[in-house]
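User: I've got this one open and would like to talk through a few spots. Can you take my questions one by one?

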Amino acid sequence: MTRRTAVAAVMGCVVLAAASCAGPERPTATADGKDAASTSASPAPSGTAPPTVDDAVAAARERMTAAATGRDAPGPEGLLVAAESAGGALYVWESSDGRFCHGTATGVGMTSVACFTRPHTPPVGKEPRLVPLVRMMATGWNVVFGAEHETVESVTCDGVPVRVKDVGVMADGRRSVHAVEFPDLTLGTVSVRVRRGSRVVTETLALETFAKKDAARFASCGEPTS
């Protein structure tokens, strides 16, 4: 894969609240006989509200579009959102020459782009199968996968349902793309229930492909992959 990373400077803003150290003030009487100190003033307007997820995704899309250029620019289907949060988004797309790409854009201006060097990689198979496409830490531990000649119905981790995001379709409509997310790095495998015509079967999908010596520190699903 080729990879470009553009990092923009991060600027922070700190607001300090000052408290009086002069001790209690003497109440001042008003014309109606009430103490001025007992009247409540309107609260000062709060700072700028944090961006919503929609705002963050829109901003991330602009940065991603600016970063994915040339041969790596999205084809006619455009950018597909694989994961999103108030901090940014993970996108997947196919280039105009059919290469699979993915990239991230954050709210602080950092972007990354990675694409396969050859078109139609991995190629669409002849038999039903799941195809791992992306495993990375973006908005959480994000796993993006494709389904060929079958329809994804559900995903579970040790019997517990996992939310599946239907991302879109690729490879001329022959591969549907889906994504699952965990709060942090999660090891092992999930069970994927798929439909093949009138049959329903369960497949396994690996959440990672590397061995961890300290695997006990991390969450896990199903069987270990190594």
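User: Is Arg63 buried, partly exposed or exposed?
Analyst: Keep in mind that this is a predicted model. Arg63 sits in helix H1, residues 53-67. Its relative accessibility is 28%, and the partly exposed class runs between 20% and 50%, so Arg63 counts as partly exposed.

User: And which residues is Arg63 in contact with, leaving aside neighbours within four places in sequence?
Analyst: One of them is Gly109, which is 46 residues away in sequence but 7.2 Å from Arg63 in space, C-alpha to C-alpha. The full list for Arg63 is Ala105, Thr106, Gly107, Gly109 and Thr111.

User: How do the rings of Phe100 and Phe116 pair: stacked, edge-to-face or tilted?
Analyst: The count comes to one aromatic pair, and Phe100 with Phe116 is that pair, at 6.2 Å centre to centre. Phe100 lies in strand S4 and Phe116 in the loop between S5 and S6, so the pair ties together parts 16 residues apart in sequence. The planes are 50 degrees apart, and stacked needs under 30 while edge-to-face needs over 60, so the pair is tilted.

User: How many of the eight residues of strand S11 are buried?
Analyst: Take its partners to begin with: S7 is joined to S11 by eight bridges, and S10 by five, both running antiparallel to S11. Among the bridge partners, Glu148 goes with Arg175 and Val169 with Ser176. S11 is largely enclosed by the rest of the structure, because the number of its residues that are buried is seven.

Definitions and conventions. Residues numbered from 1 in each chain as written. Predicted model: local features only at pLDDT ≥ 70, side-chain atom pairs only at ≥ 80, totals over all residues. Heavy atoms only, no water. Phe/Tyr/Trp six-rings, centres within 6.5 Å; stacked < 30°, edge-to-face > 60°. Helix = DSSP H or I, 4+ residues; strand = E, 2+ residues; numbered from the N terminus. Buried < 20%, exposed > 50% of the residue type's maximum accessible area, 1.4 Å probe, protein only. Contact = heavy atoms within 4.5 Å. Pairing = 2+ DSSP bridges.
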